[in-house]
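Me: Hi, I've just opened this one and I'm new to it. Can you walk me through it?

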Amino acid sequence: MESSKAKGPGQNKRFWTTDENNKLIEALLEIHNEGKFKAEGNFKACHLTVIERYLEIHLPGCGLKAEPHIESRMKTLKAQFYIVHEMLTGLNCSGFGCDADRKLMYAEKLVWDAYLQSHKEATPFKHKAFPYYEDLCLVFGKDRATGNDAEGLADTIDDIARTEVNNDMNKHDVNNTQPRVDTEADNLEFMSFS
């Protein structure tokens, strides 16, 4: 197991390997799917001990402890997830997408520059992949659908692309002569205000 510990004020700081991160995500998904450790969009207190045992079985000798290692890493992953999630789904965040193969966020330079003015915490994700987003949607996403009909990130990207193609086709369809009906404007004529 290759990982290092920092000296000084953050003595318990640990730099997680890719394998350790992957096994932590597997453990989170497993306890999420079991359901007995979930409580109102979060985990019950004993979940850290269960994850510690899972990692000890799947990464013998890793030395990862519930506190401070796993607890700290989960906080970091949760914070990173919410930053990326906000970029992809936030109300004022149009223009962002995710490369499903490389797990990188993308947007036009102007979109990035404008967003980073008020969201400095998102700076690392301009050039850094976040491979755990889809899995963490299941673990941390409170309003994320799961099950047979749930859509993943790649499905959502495909749906957006299909919608854009259909919109472009409708814009250029010169045979589309059906007038647009604005029912709200028509209804205003019949409303009375006192």
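Me: How much of the protein is made up of buried residues?

Reply: Of its 194 residues, 29% are buried. Keep in mind that this is a predicted model.

Me: OK, so what's the mean pLDDT, and what share of residues reach 70 or more?

Reply: The mean pLDDT is 75, and 64% of the residues get to 70 or more.

Me: Where is the pLDDT below 50?

Reply: Residues 143-154 are one such stretch, and in the model they have 16 contacts beyond near neighbours in sequence. Residues 174-194 also stay under 50, and for them the model has two contacts beyond four places in sequence.

Me: Got it. How many helices and strands are there?

Reply: Seven helices and four strands. Starting at the N terminus, the order is α-β-β-α-α-β-β-α-α-α-α.

Me: And what share of the contacts with a separation of 6 or more comes from residues 24 or more positions apart?

Reply: That share is 49%.

Me: Let's look at helix packing. At what angle do H3 and H5 cross?

Reply: Roughly 105°, with the axes coming within 10 Å. H3 covers residues 66-89 and H5 covers residues 133-140. At that angle, H3 is roughly perpendicular to H5.

Me: Which residues make the contact?

Reply: On the H3 side you have Met74, Leu77, Lys78, Phe81, Tyr82, Val84, His85, Leu88 and Thr89. H5 brings in Tyr133, Leu136, Cys137 and Phe140. By class, the contact of H3 with H5 has 10 nonpolar residues, two polar and one charged.

Me: What about H1 and H3, how do their axes cross?

Reply: They cross at roughly 85° and come within 12 Å, with H1 spanning residues 18-34. H1 and H3 are therefore roughly perpendicular to each other.

Me: Who meets whom there?

Reply: From H1 it's Asn21, Leu24, Ile25 and Leu28, and they meet Ile70, Arg73, Met74 and Leu77 of H3. The contact of H1 with H3 divides into six nonpolar residues, one polar and one charged.

Me: Leu28 caught my eye. Is Leu28 buried or exposed?

Reply: Leu28 counts as buried because its relative accessible area is 0%. You'll find Leu28 in helix H1.

Me: What does Leu28 touch?

Reply: Leaving out residues up to four places away in sequence, Leu28 touches Phe43, Ile51, Met74, Leu136 and Val139. Take Leu136: it sits 108 residues from Leu28 in sequence, yet the two C-alpha atoms are 8.6 Å apart in space.

Me: New topic: cysteines. How many disulfides does the structure hold?

Reply: Zero. A disulfide is a covalent bond between the sulfur atoms of two cysteines.

Me: How far is Cys137 from the nearest cysteine sulfur?

Reply: The nearest cysteine sulfur belongs to Cys98 and is 9.6 Å away, and Cys137 is in no disulfide. The cut-off for a disulfide is 2.5 Å between the sulfurs.

Me: Are Cys137 and Cys46 buried or exposed?

Reply: Cys137 is buried, because its relative accessibility is 1%. Cys46 is at 39%, so Cys46 counts as partly exposed.

Me: Any odd backbone spots? What kind of peptide bond joins Glu67 and Pro68?

Reply: A cis one, with omega about 10°. Pro68 lies in helix H3.

Me: What is the phi of Lys103?

Reply: Near 60°, which is a positive value in a residue other than glycine. Most residues other than glycine have a negative phi, and most peptide bonds are trans. Lys103 is in the loop between strand E3 (97-99) and strand E4 (104-106). With a relative accessible area of 23%, Lys103 counts as partly exposed.

Me: Back to Pro68 for a second. How far apart are Lys13 and Pro68?

Reply: They're 55 residues apart in sequence and 8.5 Å apart in space, going C-alpha to C-alpha. Lys13 is in the segment before H1, and at 46% relative accessibility Lys13 is partly exposed.

Me: Last one: where is Thr123?

Reply: Thr123 is in the loop between helix H4 (109-118) and H5. Thr123 has a relative accessible area of 40%, so Thr123 is partly exposed. Its C-alpha is 9.7 Å from that of Asp113, 10 residues away along the chain.

Definitions and conventions
Residues are numbered from 1 along each chain as its sequence is written. This is a predicted model: local features need pLDDT of at least 70, side-chain atom pairs count only at pLDDT 80 or more; totals for chains, interfaces and linings use all residues. Side-chain values use heavy atoms; hydrogens and water are left out. Axes are lines fitted to C-alpha atoms, for helices over the stretch in contact, and angles run from 0 to 180 degrees between N-to-C directions. Helices (H or I, at least four residues) and strands (E, at least two) are DSSP runs, numbered from the N terminus. Angles under 35 degrees count as roughly parallel, over 145 as roughly antiparallel, 65 to 115 as roughly perpendicular and the rest as oblique. Contact means heavy atoms within 4.5 Å. Ala, Val, Leu, Ile, Met, Phe, Trp, Tyr, Cys and Pro count as nonpolar, Asp, Glu, Lys and Arg as charged, and the others, Gly among them, as polar. Buried means under 20% relative accessible area, exposed over 50%, partly exposed in between (1.4 Å probe, protein chains only). pLDDT is the predictor's confidence in each residue, from 0 to 100.
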